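Subject: A structure for you to explore

Hi there,

Here is the structure I promised to pass on. Have a look around it first, and then read on for what turned up.

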2 protein chains.
Amino acid sequence: MLNDEKINAALPHKHDEIEEKLLNDMPSDDTIRSVSGILKQLGDPSRLKIFWLLCHCEECVINIAALANMTSPAVSHHLRLLKSSGLITSRREGKEMYYKAADTEMASSLHLTIESIADISCPN
Amino acid sequence: MLNDEKINAALPHKHDEIEEKLLNDMPSDDTIRSVSGILKQLGDPSRLKIFWLLCHCEECVINIAALANMTSPAVSHHLRLLKSSGLITSRREGKEMYYKAADTEMASSLHLTIESIADISCPN
DNA sequence: TTAACAATTAAACAATCTTTGAATTGTATT
DNA sequence: AATACAATTCAAAGATTGTTTAATTGTTAA
């Protein structure tokens, strides 16, 4: 309530009253940063393609590069980003590193979102 | 099947066989671009904050700027991007332009996704 | 028609990100 | 040990993007 008054007072225009609910539910800057950070990972075509691939199979870097039409260093770079976001995991087998989508609620939820957006925006 | 052989032949390493399903369901580059384009919009903290706000209320530019701690030109810039992606709509009332989330499956689906990611990654 | 305000546009700058090719590390094989 | 191959790292180039300030457009009211 103290907070409400502060924010409402800060608003240049007072139109319809902003409900307490909205102000209370407003995500913190940390939350915003965290969520946008995740979405930014999939906001790049190369990474989205790689992530989609790794949602459907486990593959080594060379094959990922071949399937995504990219060089190995470029793939490595994106794999590192995806991995440090917790969206994929890796395992070594001999000379090769195998990558796949992480077995987490986040990864599977994003996978569903991607398929859903694809269905909505590209109804083929 | 012709396609399978082509792609499998292009794979440097042949591990487990890649099923036809995967190859057939593989999104086209256009689809990848389209989906990543949408996600990129919300991959920026400023735009995510604005979009979240506009999912919960309709507001004029000045108030959006105040709530998001941004300048008017910056807000205008992001509003234009969100609008040309079809995620928000606008209407004029006197001197003011009011923006809100678009009344589409895409917008409401993304809204759900955002809240879901926030819940998973920031369990407060 | 002027004045005041809301919103957008434009240009410049800073920052970030993606890609590339060369060099390096790590692993297995001979 | 030496070789071969997979993967990563590194430095640099090129491209994209976000933010800022100033100028401009559009709308209302005096």
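How far is a phosphate oxygen of DNA strand C from a polar backbone atom of B:Ile62? The distance is 3.0 Å. Please keep in mind that this is a predicted model.

Two other residues of chain B make a similar kind of approach through their backbones. For B:Val61, a polar backbone atom sits 3.3 Å from a phosphate oxygen of the strand. For B:Met97, a backbone N or O atom is 3.0 Å from a phosphate oxygen of DNA strand C.

Now for the wider surroundings of the DNA. There are 26 residues around DNA strand C, and the nearest are A:His13, A:Arg47, A:His78, B:Ser76 and B:Tyr99. Of the strand's atoms that come within 4 Å of the protein, 77% belong to sugar and phosphate. Both chains help to form this surface: α4 and α6 of chain A, and α5, α6 and β3 of chain B, each supply at least two residues. The largest share, five residues, is from α6(A). By type, the surface has 10 nonpolar, eight polar and eight charged residues.

One more residue is worth a click. B:Ala65 belongs to helix α5 of chain B, which covers residues 61–68. Is B:Ala65 buried or exposed? B:Ala65 counts as buried because its relative accessibility is 6%, below the 20% cut-off. Beyond its neighbours within four places in sequence, B:Ala65 touches B:Met70, B:Thr71, B:Ser72 and B:Val75.

Enjoy exploring!

Key:
Residues are numbered from 1 along each chain as its sequence is written. Chains are lettered from A and ligands numbered from 1 in the order in which they are written. This is a predicted model: local features need pLDDT of at least 70, side-chain atom pairs count only at pLDDT 80 or more; totals for chains, interfaces and linings use all residues. Side-chain values use heavy atoms; hydrogens and water are left out. Helices (H or I, at least four residues) and strands (E, at least two) are DSSP runs, numbered from the N terminus. Buried means under 20% relative accessible area, exposed over 50%, partly exposed in between (1.4 Å probe, protein chains only). Contact means heavy atoms within 4.5 Å. A residue is near a molecule or strand if one of its heavy atoms lies within 4 Å of it. A polar contact is a pair of N or O atoms within 3.5 Å; within protein, one must be able to donate a hydrogen and the other to accept it, and residues adjacent in sequence count only if both atoms are side-chain atoms. Ala, Val, Leu, Ile, Met, Phe, Trp, Tyr, Cys and Pro count as nonpolar, Asp, Glu, Lys and Arg as charged, and the others, Gly among them, as polar.
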